[in-house]
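Here are my notes for someone opening this model for the first time. Keep the structure in view as you read.

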Amino acid sequence: MGLLITRDDFTEDEYVRFSERLSEQLDVLDTLTKRPGFGEGPATVGAEVELFLVDPAGLPLPANREVLARTVDRRFTVEMDRFNLEFNASPCPLAGRPFTTLADELTGALVEISRAAGEQGGRIVPIGILPTLRREDLTAAELTDVPRYRALGKRIRRLRGGPFHVRIHGEDPLALDTDDVAMEGANTSFQVHLRVPPASFSKYYNAAQIATIPALAASCNSPLLIGHRLWDETRIALFRQAVDDRLDAPAAFHPPSRVSFGYGWVREGAAELFAESVRLHAPLLPVLGHEDPRRTLAAGGIPTLAELRLHHGTVWRWNRAVYDPGCGGHFRIEYRALPAGPTVVDMLASAAFLLGTTLGLAPEVDRLLPAYPFELARHAFHRAAQHGLDAVVPFPCDEAPSPRGAPIAALCERLVPLARRGLVDAGVLESEADRWLDVFAARVRSGQTGARWQRAALEALRARHSLEEALRRLLAHYEERVATGEPVHAWAPV
């Protein structure tokens, strides 16, 4: 269980004591990872999906707490803005039919939360960024009124010492300044978790970093923000800028961002990433617990390391290491780059490709890395977000001595057999792997992601309507197609 945050302001002494506690817990974590047998066990997968609430006109409905009050499903929780909700699926074994299991759970949960939203006059939309969002929907007034979000906003503003600058290139470049972190609520994601053995965490994590590049490009679903046509996955640019706690600095000096793809290949295991979070980033929520982790460790127990987990949860790597004291203690990789939507089928097909490619690459990743500088991978990640399936990215290739530019659509198709082998070798049934990877491959062949469908729909609707009306109709058409359950590559144009 995490630390309970009951207030939104802290003293400097509390930040000092919290920092001391973090250093102590890093030492404990390092010792724990060396304990024989720690973290070993069957691979499991889990998922989280963030959702938008909209009103009858398709505009954001700031009623997440009211909707939660109308359901007994405790797997749902609020998110940063009042028109956001999050669902946390139950973890399940990777072996067998994991994606079907998660798809069934997500489908049932969406039915239940849609019922609850309907009682508040609202609807649920799974989409990376809601196209009908307006600038006035992204202000401090829309932050969910809980101490955690108020405290995050206060501390980040204090560290930054000035307004947040949002600058995103695209067909309609966006430039605006804001005084709060509510812009972050414009983003909703589909996050997948994979439990991996501590001894080989580095292999799996580095493989996950590489696998995320093509998976993201083929899953983009966020091309519009406040009426501006921007990146195919605008979330990647927006999230970093919306919670940027760094002071404005000369161009020659670039402090590390709390939201990033990372700063290098992992060499020492999961504890390395926790140490990076502590050493590079100031605490935001210095809430102290009562556990003595050294005593717990000495007694043969599994320490919760609640402060370290709390701090690490305020550093938003696109792929994040997770320490979980449950089930005897273990590590997971949390994949955070994929957007929500369009359909449950689309999300689980992307997850199958992402996890399968991670599993398929892991045995070979140490051989690939010497010829694949991390800066190239980070560049490829951002190009994938910007251009989607049209991106050409540097990618490691057995046929060449160094990374070369590869059309990402062709790269996705080439990796599908690798993803299948990775899943099947991990115990996923062949029929299960084929079912979900076939959907992913069909999407790539069609060239129609959620982002591309939205762009084409907006262009068609703008020929007949104002921008505001076109965006409203776009969302209505999107919701109609989501309701059919058909994957996005099969959607008809507007």
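**Notes on the predicted model**

1. Let's begin in a loop: Gly-326 is found between strand E13 (319–324) and strand E14 (330–335). Helices (H or I, at least four residues) and strands (E, at least two) are DSSP runs, numbered from the N terminus. Gly-326 is partly exposed, with a relative accessible area of 25%. For burial, the cut-offs are under 20% relative accessible area for buried and over 50% for exposed, with partly exposed in between (1.4 Å probe, protein chains only). From Gly-326 to Glu-268 it is 58 residues in sequence and 23 Å in space, C-alpha to C-alpha.

2. Before going on, some ground rules. This is a predicted model, where local features need pLDDT of at least 70 and side-chain atom pairs count only at pLDDT 80 or more, while totals for chains, interfaces and linings use all residues. Residues are numbered from 1 along each chain as its sequence is written, and side-chain values use heavy atoms, with hydrogens and water left out.

3. Now the whole chain. The protein chain has 16 helices and 16 strands, and its C-alpha trace spans about 70 × 55 × 50 Å along the principal axes. The radius of gyration of the protein chain is 22 Å, which agrees with the value near 23 Å for a compact globule of 494 residues. That radius is taken over C-alpha atoms, and the globule rule is 2.2 Å times the number of residues to the power 0.38.

4. What about burial and contacts? Of the 494 residues of the protein chain, 59% count as buried. Among contacts (heavy atoms within 4.5 Å) with a separation of 6 or more, 76% are between residues 24 or more positions apart. The protein chain exposes about 19000 Å², and carbon and sulfur atoms supply 54% of that area. The areas come from the Shrake-Rupley method with a 1.4 Å probe; for residues, only the protein chains shown count as cover.

5. Have a look at the hairpin of E6 and E7, which has five residues between the two strands. Strand E6 (residues 164–168) pairs with E7 in the antiparallel sense over five bridges; two strands pair if DSSP finds at least two bridges between them. Val-166 stands opposite Leu-176 in E7. In a regular strand the side chains alternate between the two faces of the sheet. Strand E7 (residues 174–178) has Leu-174, Leu-176 and Thr-178 on a covered face, with Ala-175 and Asp-177 on an uncovered one.

6. Strand E3 (residues 84–88) is mostly covered, with four of its five residues buried. Which strands pair with E3? Strand E1 (residues 44–54) does so in the antiparallel sense over five bridges, and strand E2 (residues 76–78) is also antiparallel to E3, over three bridges. E2 and E3 make a hairpin with five residues between them. Glu-86 of E3 stands opposite Glu-50 and is the bridge partner of Thr-77 as well.

7. Helix H6 (residues 235–242) is mostly covered: seven of its eight residues are buried. Arg-235, Ile-236 and Phe-239 are among them. The buried residues of H6 pack against several elements, including E6, helix H5 (201–217) and helix H12 (374–387).

8. Is Ser-189 buried or exposed? At 4% relative accessibility, Ser-189 counts as buried. Ser-189 sits in the loop between E7 and strand E8 (190–196). Leaving out residues up to four places away in sequence, Ser-189 touches eight residues' worth of names worth clicking through, including Glu-48, Glu-50, Arg-235 and Pro-339. The C-alpha atoms of Ser-189 and Arg-235 are separated by 8.7 Å, with the two residues 46 apart along the chain.

9. Finally, some backbone spots to check. Most residues other than glycine have a negative phi, and most peptide bonds are trans. Ile-226 is not a glycine, yet has a positive phi of about 50°; it lies in the loop between E9 and strand E10 (228–229) and is buried, with a relative accessible area of 19%. Leu-305 also has a positive phi of about 50° without being a glycine. Leu-305 lies in the loop between helix H8 (293–298) and helix H9 (306–312), and counts as buried at 0% relative accessibility. A cis peptide bond joins Gly-341 and Pro-342, with omega about -5°; Pro-342 is in the loop between E14 and helix H10 (344–361).
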